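The following exercises concern one protein structure. Each task is followed by a solution in steps.

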Amino acid sequence: MTKISQLQEIINNSDNIVFFGGAGVSTESGIPDFRSESGIFNSLKKYGASPEQLVSHSYYIDHTEEFFNYYKENLVFKDAEPNPAHLKLAELEKAGKLKAVITQNIDGLHQKAGSVNVLELHGCIHRNYCEFCQREYDLNYILNSKGIPRCECGGIIKPDVVLYEEPLNNEVLNSAVNFISKADTLIIGGTSLVVYPAAGLINYFNGSKLILINKSQTPYDNLASLVINEAIGETLSQIKIE
Ligand code: ZN
C-alpha cells in the first residue's frame, strides 16, 4: 500500500480532521520562508540583522521605517495564489471532513482558497490597524505608503502580525488547542515542528491518526501514524474526496 493510499484511507475514515501548517504550505505558492538560509543571508547583507531581529517588536519600535521596508520586501507577496494544498484543504472543509486549519502563515491564502475556519496563529498581512485610533486599513494602503504607513489621524498603522517578542493571541491559541484536542486526525504539513508554538500544540492531540507531511524529517516522525517526506501541495493534490 502506497503512502498516498494510506493517507487516502485515513481521510476517507475521518470526519474530524484538523490541519496544522507551517511555512512549507506557502512555498509552493512562491512565498519563500524568510527564515531560510538564503533569507538569513540576504537580511544580514542588506540590513545587518537576522530575520528574527528584523521582525521583532523592539526592531519595529526602534527602526520603524526599516522594519516596514523589510516587511514589504520579504513578508508580503500580494500576488501569490493558493496552491493545491490550500485548495484541497478548502474542499475537505466543504465536504465536512476538516474542522479547522491552523496556520503559522500570515498570507491569507487559505481564505483565498475558500477555507472558512482558519486560525491564524501569527496574524495576517491583510489586517492592519492604526495604533492610535484602531482604524482598519487594507494591504494596498500599506504597500502604497512611502516609508512608515500613517493613519489619517497621524498614528502608525501596524500590521496585525505577531512579531517576535510579542505574545500570540490567546483566543486564537485556545481555539487551536480546542480543535486539536477534539480531532481524531491531525495532519501537520510544511513545518519541521521545531518552532514554538507548533511543538507545544501537538501535545494536545488525543486522536488516533497523526500524519506528518514535510520535505524533511521532524522530531515527531516516530510518533506519527504516517510520515510523508514530500511537498505538501503535491501530496494533497492526489487525495480524492468521495
Ligand atoms: Zn488613526
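**Exercise 1.** How many of the five residues of strand β1 (residues 17–21) are buried? Determine also where the side chains point and which strands pair with β1.

*Solution.* The model under study is predicted.

Step 1. A residue counts as buried when its relative accessible area is under 20%. Five of the five residues of β1 meet this criterion, so the strand is largely enclosed by the rest of the structure.

Step 2. Ile17, Phe19 and Gly21 point one way from β1, while Val18 and Phe20 point the other way. The residues on both sides are buried.

Step 3. β1 runs parallel to strand β2 (residues 98–103) and is joined to β2 by five bridges. Within this pairing, isoleucine 17 has leucine 98 of β2 as its bridge partner.

Step 4. Five bridges also link β1 to strand β7 (residues 185–189), again in parallel. Here glycine 21 stands opposite glycine 189.

**Exercise 2.** In what order do the three strands of the open sheet lie, and which of them stand at the edges?

*Solution.*

Step 1. The order is β5-β4-β6, and the pairing is antiparallel.

Step 2. β5 (136–137) and β6 (157–161) each have a single partner strand, so one side of each is left without a neighbour in the sheet. These two strands therefore stand at the edges.

Step 3. Strand β4 (residues 123–130) is joined to β6 by five bridges. One pair of bridge partners consists of tyrosine 129 and lysine 158, the latter in β6.

**Exercise 3.** Is lysine 158 buried or exposed? Describe the surroundings of its side chain.

*Solution.*

Step 1. Lysine 158 belongs to strand β6. Its relative accessibility is 15%, and because the limit for a buried residue is under 20%, lysine 158 counts as buried.

Step 2. The side chain of lysine 158 makes a polar contact of 2.9 Å with the side chain of glutamate 166.

Step 3. Leaving aside residues up to four places away in sequence, lysine 158 touches Tyr60, Asn128, Tyr129, Glu131, Leu163 and Glu166.

**Exercise 4.** Which residues coordinate the zinc ion, and what is the geometry of the site?

*Solution.*

Step 1. The SG atoms of Cys130, Cys133, Cys151 and Cys153 coordinate the zinc ion at 2.2 to 2.3 Å. The spacing of these donor residues in sequence is C-x2-C-x17-C-x1-C.

Step 2. The angles among the four donor atoms are 102 to 120 degrees. Four donors count as tetrahedral if all angles lie between 85 and 135 degrees, and the zinc site is accordingly tetrahedral.

Step 3. Cysteine 130, at 0% relative accessibility, counts as buried, whereas cysteine 133, at 39%, counts as partly exposed.

**Exercise 5.** Where do glutamine 134 and glutamate 165 lie, and are they buried or exposed?

*Solution.*

Step 1. Glutamine 134 is placed in the loop between β4 and β5. Its phi is near 70 degrees, a positive value in a residue other than glycine.

Step 2. Glutamate 165 lies in the loop between β6 and α10 (170–182). Its phi is near 80 degrees, likewise positive in a residue other than glycine.

Step 3. The limit for an exposed residue is over 50% relative accessible area. Glutamine 134, at 51%, therefore counts as exposed. Glutamate 165 is exposed too, with a value of 58%.

How values were computed:
Residues numbered from 1 in each chain as written. Heavy atoms only, no water. Buried < 20%, exposed > 50% of the residue type's maximum accessible area, 1.4 Å probe, protein only. Helix = DSSP H or I, 4+ residues; strand = E, 2+ residues; numbered from the N terminus. Pairing = 2+ DSSP bridges. Polar contact = N/O pair within 3.5 Å; in protein donor to acceptor, adjacent residues only side chain to side chain. Contact = heavy atoms within 4.5 Å. Donors = N, O, S within 2.8 Å, 3.2 Å for Na, K, Ca; no water. Tetrahedral: all angles 85-135°; square planar, octahedral: opposite > 155°, others 65-115°.
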